[in-house]
Amino acid sequence: MSRRILLIIGGGIAAYKSLELIRLLKKRGVAVTPLLTKAGEEFVTPMSVSALAGEKAHDDLFSLTDETQMGHIELSRAADMIVVAPATADLMAKAACGMANDLASTVLLATDKPVLMAPAMNVRMWNHPATRRNHARLLEDGVRFIGPEEGEMACGEYGPGRMAEPETIAAEILDLLEAGRIMDVSALPEGPLSGRKVVITAGPTHEPIDPVRYIANRSSGKQGYALAEAARDMGARVILVSGPVNQPIPEGVEVIPVESAREMLEKVKAEMPADIAIFAAAVADWRVKTAASEKIKKGGKGAPVLELAQNPDILAKIAKMKKDRPAIVAGFAAETENLIANAKKKLAAKGADLIAANDVSPGTGVFGGDDTTLHLVTRDGVEDLPPMSKREAARALMERLAAMLPAGEWV
Ligand SMILES: Cc1cc2nc3c(=O)[nH]c(=O)nc-3n(C[C@H](O)[C@H](O)[C@H](O)COP(=O)(O)O)c2cc1C
């Protein structure tokens, strides 16, 4: 697999950190094509940048030699992804408005590749309504962000605005490149969920007992994966936060693999805001309070006693978010008794907008099987779907959720 990024270095104090970013990426086998803005060159020199990258640093839109060798359009497509670090308030504004009046902004407008921005600016610049608007617009356009982090800034003020550390940015880049998470949103089909972001959890969680043993459940992930495919087919950008399963990675879906419930919550939170969040994972209610750091050995003291601690309730935590709550939050209720009554209770207690209840009693074959019978419980009532395949159920549920979305309020 080719591993090349185009790194745009904007004009901010944090530009010095981009030198370390280049070094880390090169060490990990990622080729870096550097591009400096004119302001970026006030902070780091093209010489240092190209010496570290081992490649020419591009900086001029109207360079006759560059245009004849590798034009700006080709430059915008030659890498697997574009990383902007530091992303200045100015670069974010230009990209949000679709301006193209220098090499960096032209490349950002001409690219068909995923873009990751690592903003760095004064806290007031970051919190300014104009930057808030630009940030929201860029998220809507499919641009990914890492940071900014909160902390003391070069200007002496404190708050969000510090660029993420080079190690963190490098890890995110590698994760995106290697886990197949980078995706061209323009390749998604047109549909009722075009331009929408849908976050779905799937599969079981594994709660460690020691480095080799864990507590798990029988969830196959089939329903969550079918939902991801259905949402993708309806045009959505889909993030699938998946516990350990044996399902093939669906094309055009970004899969974030996780193991434990706490890890799943963390990854889901990091993907907020979203238009729709669906919690189809069979999250373990309990974990071992203190997992052993070494393999527990058979010994003279008899069988070990495992003390359990309650896991966070991911559905309730997201449904009750004060800020960045998805417009629609849906959960699954796998019950073996009092199906509808329990689903109604769950809907109210967790603050969800829809609960898809299914009977998983032994003999129904729902856990691990291909078919299911869903009952969609909302504040307006209960809709009983007939027995059908999990794929068909996923399509029906996605159509129902898409219809519940308030018009025009995109994240
Ligand atoms: C000393 C100094 C530090 C700056 N730091 C930042 C910064 O961290 N973030 C930012 O958005 N702008 C910063 N600026 C302002 C940008 O350099 C300015 O908006 C410039 O036009 C950005 O150009 P560019 O987006 O093409 O790189 C700084 C300016 C100066 C003089």
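This passage describes two sheets, the helices packed on them and the surroundings of a ligand in a predicted model.

One open sheet holds five strands, in the order β2-β1-β3-β4-β5. Its pairing is parallel. The edge positions belong to β2 (31-36) and β5 (144-145). Each has a single partner strand, so one side of each lacks a neighbour in the sheet. Helix α2, spanning residues 46-53, packs on this sheet. It touches β1 (4-9) and β2, and its direction makes about 170 degrees with that of β2. Within the sheet, strand β3 (residues 81-87) pairs with strand β4 (residues 115-119). Four bridges join β3 and β4, in the parallel sense. V84 has M117 of β4 as its bridge partner. A further helix, α9 (residues 166-178), lies across β1, β3 and β4. It runs at about 170 degrees to β4.

The ligand is surrounded by 15 residues. G11, G12, T37, A39 and T88 are the closest. Helix α5 (residues 89-97) supplies the largest share of this shell, with three residues. By class, the shell around the ligand comprises eight nonpolar residues, six polar and one charged.

Helix α5 also packs against helix α8 (residues 129-140); their axes come within 9 Å and cross at roughly 55 degrees. An angle between 35 and 65 degrees is neither roughly parallel nor roughly perpendicular. The two helices, α5 and α8, are therefore oblique to each other. Their crossing is left-handed. On the α5 side, the contact is made by A89, M92, A93, A95 and A96. On the α8 side, A130, T131, N134, H135, R137 and L138 take part. The residues of this contact divide into seven nonpolar, three polar and one charged.

A second open sheet contains eight strands, ordered β12-β11-β8-β13-β16-β17-β19-β20. Here the pairing is mixed. The edges are formed by β12 (253-257) and β20 (381-384). Each of these has a single partner strand, so one side of β12 and one side of β20 remain without a neighbour in the sheet. On average, neighbouring strands are turned by 20 degrees against each other, direction ignored. Strand β13 (residues 276-279) and strand β16 (residues 328-335) form a parallel pair over four bridges. In this pair, I278 stands opposite A330 of β16.

Two helices pack on the eight-stranded sheet. Helix α10 touches β8 (197-202), β11 (237-242), β12 and β13. Its direction makes about 165 degrees with that of β8. Helix α14 touches β13, β16, β17 (354-359) and β19 (374-378). The direction of α14 makes about 15 degrees with that of β19.

The helices α10 (residues 222-233) and α14 (residues 390-404) also meet each other. Their axes come within 8 Å and cross at roughly 50 degrees. That angle makes α10 oblique to α14. The crossing is right-handed. From α10, the contact involves K222, Q223, A226, L227, A230 and A231. From α14, the contact involves K390, R391, A394, R395, L397 and M398. Seven nonpolar residues, one polar and four charged make up the contact of α10 with α14.

Technical notes
Residues are numbered from 1 along each chain as its sequence is written. This is a predicted model: local features need pLDDT of at least 70, side-chain atom pairs count only at pLDDT 80 or more; totals for chains, interfaces and linings use all residues. Two strands pair if DSSP finds at least two bridges between them. Two residues are in contact if their C-beta atoms, placed from the backbone, lie within 7 Å. Axes are lines fitted to C-alpha atoms, for helices over the stretch in contact, and angles run from 0 to 180 degrees between N-to-C directions. Angles under 35 degrees count as roughly parallel, over 145 as roughly antiparallel, 65 to 115 as roughly perpendicular and the rest as oblique. A crossing is left-handed if the near helix is turned anticlockwise from the far one by less than a right angle, and right-handed if clockwise. Ala, Val, Leu, Ile, Met, Phe, Trp, Tyr, Cys and Pro count as nonpolar, Asp, Glu, Lys and Arg as charged, and the others, Gly among them, as polar. A residue is near a molecule or strand if its C-beta atom, placed from the backbone, lies within 6 Å of it.
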